Every structure is written in C-alpha cells, then in structure tokens.
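The exercises below are meant to be worked with the sequence and the coordinates side by side. Try each task before reading its solution.

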Amino acid sequence: MEVPGAGYVVLMLLVALFGALAWKYARRLVTVRRVLRRGVRADGECVRVETEPYQRSDALRHFFAFRTADGARVEFEDLAGRSAAEGGPVTVTYDPRDPEGTATVAGRGSWSPVLQSLALAAGCGMAAAGFAILLWFEITGGNR
C-alpha cells in the first residue's frame, strides 16, 4: 500500500533535519571565530573522553574544564582531535559574559573544533540542498 505524498514528507523532513544541523554548526563556527578574536584565555584540562554508544572507535566526545577569572569552574563539551587525552592540559578561550555557551579549545595548536564545525556545517548544508533539489524535482516532475 502506497501512501500518497509520503515521499514529499520524507524529503521535507530530511531537508529540515540537515538544515537545522547546518544552522547549528554554522552558529557554533561564528561563535568560535568571535571568541578566538575577542575572548579571554584560561588554562584548562580535558576531564574525560567518552565513546559513543555501540563502541564506535571513531566517535569520541571530549569534555573540558577550566576556571573563569572570578574562580567559577566551567565544564563544557567541544569538538576535538584524537590528540586530546584525558587529563591533558589545554588552553580555553571564552567570552566572560557566557563562559558555558562560548568556551572552546580551538586556537594555537588545536584548530580541530574550527575545522570540524566548518566541515559539519558545509556537509549538512550540502545534504539539505541536495534533498531540497530532490524534493523540487519530485514536486515538479523534473520539468522547468
């Protein structure tokens, strides 16, 4: 049994999903860029590295911690390369107005968060555009 319009719905959901992911990573990229130019630096460390479910060796989550200028401890997750090891020192850059929302380990010696955000934003954006084109062809039947 075929449900009329189901293909349109699936394609619209894929456009929305990948569009939202592209938007999320593009916003993070803009935030990191701004913080790297105007942020405050602090010494921090990698407090833990977690593996994603199903024990995929390529999916690691890195958590970092640092103290702000007023002594508050902040813990955050950031994209990081494989060289970030638990207990390892890092330099954190953050906006003092929102340390939790802007902290990053990107910077000298660690451009991984910037490059990963750029790749994710571009990849998800291209996927959203590709699914949008497929949706357009489905709706119009490929006619101009």
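The exercises that follow concern a predicted model, and they move from the sheet to the helices and then to the aromatic rings.

**Exercise 1. The sheet**

Task: Determine in what order the strands of the open sheet lie, and which strands stand at its edges.

Solution: Begin with the pairing, which is antiparallel in this open sheet of four strands, and read off the order 3-2-1-4. Strand 3 and strand 4 (89-94) therefore stand at the edges, since each has a single partner strand and one side of each is left without a neighbour in the sheet. From one strand to the next, the twist averages 40°.

Next, take the individual pairs. Strand 1 (residues 40-51) and strand 4 run antiparallel and are joined by six bridges, and within strand 4 it is Val90 that stands opposite Gly44. Strand 2 and strand 3 are likewise antiparallel, joined by six bridges, and Ala65 has Glu75 in strand 3 as its bridge partner. The hairpin of strand 2 and strand 3 has five residues between the strands, and Gly71 in this hairpin takes a positive phi near 95°.

Finally, place the helix against the sheet: helix 1 packs on the sheet, where it touches strand 1, strand 3 and strand 4, and its direction makes about 95° with that of strand 4.

**Exercise 2. The two faces of an edge strand**

Task: Assign the residues of strand 3 to its covered and its uncovered face.

Solution: Start from the general pattern, in which side chains of a regular strand alternate between the two faces of the sheet. In strand 3, the covered face consists of Val74, Phe76 and Asp78, while Arg73, Glu75 and Glu77 make up the uncovered one. Phe76 can be checked separately: it is buried, because its relative accessible area of 6% falls under the 20% limit.

**Exercise 3. Helix 3 and what covers it**

Task: Describe the span of helix 3, identify its buried residues, and find what covers them.

Solution: First consider the span. Helix 3 has 29 residues and reaches 41 Å from its first C-alpha to its last, which is close to the 42 Å expected at 1.5 Å a residue. After the helix comes Gly141, with a positive phi near 75°.

Second, list the buried positions, which are Ser112, Pro113, Val114, Ser117, Ala121, Cys124, Ala128 and Leu135. An α-helix has 3.6 residues a turn, so residues three or four places apart point the same way. The cover over the buried residues of helix 3 includes helix 1 and strand 3.

Third, examine one of these positions in detail. Ser117 has a relative accessible area of 2% and is therefore buried. Leaving aside neighbours within four places in sequence, Ser117 is in contact with Tyr25, Arg28, Leu29 and Leu79. Of these contacts, Arg28 lies 89 residues from Ser117 in sequence, yet the two are 7.0 Å apart in space, C-alpha to C-alpha.

**Exercise 4. A loop residue**

Task: Decide whether Thr104 is buried or exposed, and list what Thr104 is in contact with.

Solution: Thr104 lies in the loop between helix 2 (99-102) and helix 3. With a relative accessible area of 0%, Thr104 is buried. Beyond neighbours within four places in sequence, Thr104 is in contact with Arg28, Val32, Val35, Phe76, Asp78, Thr91, Val92, Thr93 and Pro113.

**Exercise 5. Aromatic pairs**

Task: Characterise the geometry and the burial of two aromatic pairs, Phe18 with Phe131 and Phe64 with Phe76.

Solution: A search of the whole structure finds five aromatic pairs. Phe18 and Phe131 form a pair with 5.8 Å centre to centre and 25° between the planes, and this pair is stacked. Phe18 belongs to helix 1 (residues 6-38) and Phe131 to helix 3 (residues 112-140), so the pair links parts of the chain 113 residues apart. Phe18 is partly exposed, with a relative accessible area of 22%, and Phe131 is partly exposed, also with 22%.

Turn now to Phe64 and Phe76, whose pair is tilted, with 5.7 Å centre to centre and 35° between the planes. Here Phe64 is in strand 2 (residues 60-67) and Phe76 in strand 3 (residues 73-78), twelve residues apart. Phe64 counts as buried at 0% relative accessibility, and Phe76 is buried at 6%. Phe64 and Phe76 also belong to one aromatic cluster, together with Phe66 and Tyr94.

Definitions and conventions:
Residues numbered from 1 in each chain as written. Predicted model: local features only at pLDDT ≥ 70, side-chain atom pairs only at ≥ 80, totals over all residues. Heavy atoms only, no water. Phe/Tyr/Trp six-rings, centres within 6.5 Å; stacked < 30°, edge-to-face > 60°. Helix = DSSP H or I, 4+ residues; strand = E, 2+ residues; numbered from the N terminus. Buried < 20%, exposed > 50% of the residue type's maximum accessible area, 1.4 Å probe, protein only. Expected span 1.5 Å × (residues − 1). Contact = heavy atoms within 4.5 Å. Pairing = 2+ DSSP bridges. Axes fitted to C-alpha atoms, helices over the stretch in contact; angles between N-to-C directions.
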